[in-house]
Amino acid sequence: MIRVAIDGPAGVGKSSTSKALARHFGYAYLDTGAMYRACAWWCLKQGIDLDAEEIDERQVTETVGEFFTGDHFDISVDPDDPRVSADGEDISEAIRSSEVSTHVSKVSGIIPVRRVLIAAQRAYIAREDQPESFSGGLGVVAEGRDITTVVAPDAEVRVLLTAREEVRQARRNGQSADTAGVGGEDVAARDRADSQVTSFLTAADGVTTLDNSDLTFEQTLTALITLVEDAV
Ligand code: C5P
């Protein structure tokens, strides 16, 4: 069982490369950001005011707890079809909306919420709570902000994927680096908020930093494959 932990800031290409890496080795793929996004989506749907000056953290925590324990949430860890659903409704697209992106840090910044999600993520990674959709796989690729440090600090492969801010903003905007900052969401603002609670801007001890600012997708993937092969 090989566990590959990949952390990094917004817009670095974690999801696409992690998914491709999982596919390459036939591993499961866990997008922990999708779990936090699903929580924010659920809280907004329940009418919780995430714009309030003082967010009701207890209400958010209870709502998130009920989302998981009440069996509303489901995630597929099949890298060919990584879907997220709530009460059977496919919310994989909805959780990528700008409304969710701008509110997600408010939810992920609440420590008791993190406790609930970290426990669920550890269970998925240990394959204890294996979603039905994907039974194969000799390993798992889990990506997020605190996988190398908190969720799976004992993972066989630990990588911090980074890129220069203007490159990440441009990737997120789907535009050239010249027009970075125009349109799209502000990745730097989300990173600033996220880095208050998780440490993903510098690599922890034993974590390999991979700066892909000047690498193509294929080159990034090749570098990750090599790191996994070296560990197997
Ligand atoms: O990776 P993605 O950009 O989809 O993550 C969405 C949000 O989920 C992040 O901005 C962060 O607030 C939260 N997150 C987190 N810890 C993780 C993964 C994501 O706090 N391990």
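Domain bounds here come from an automatic or database domain assignment. The model itself is predicted. Within this predicted model, the protein chain is divided into two parts: domain 1 (1-12 + 142-232) and domain 2 (28-136). The centres of domain 1 and domain 2, taken over C-alpha atoms, are separated by 20 Å.

The two domains touch. On the domain 1 side, 14 residues are in contact with 14 residues of domain 2. Several elements build this side of domain 1. Strand E6 (139-144), helix H6 (147-151) and helix H8 each supply at least two of its residues. By class, the side of domain 1 that touches domain 2 holds 7 nonpolar, 2 polar and 5 charged residues.

The ligand draws on both domains. Domain 1 and domain 2 each give at least three residues to the shell around the ligand. In total, 15 residues surround the ligand. Those that come nearest are Gly-33, Tyr-36, Ser-108, Gly-144 and Arg-145. Three helices each give two or more residues to this shell: H2 (32-45), H4 (98-108) and H8 (187-194). The largest share comes from H2, with 4 residues. The shell is mixed in class. It has 4 nonpolar, 6 polar and 5 charged residues.

Helix H8 appears in both settings. It gives two or more residues to the shell around the ligand, and it supplies at least two residues of the side of domain 1 that touches domain 2.

How values were computed: Residues numbered from 1 in each chain as written. Predicted model: local features only at pLDDT ≥ 70, side-chain atom pairs only at ≥ 80, totals over all residues. Near = placed C-beta within 6 Å. Nonpolar A, V, L, I, M, F, W, Y, C, P; charged D, E, K, R; others polar. Contact = placed C-beta atoms within 7 Å.
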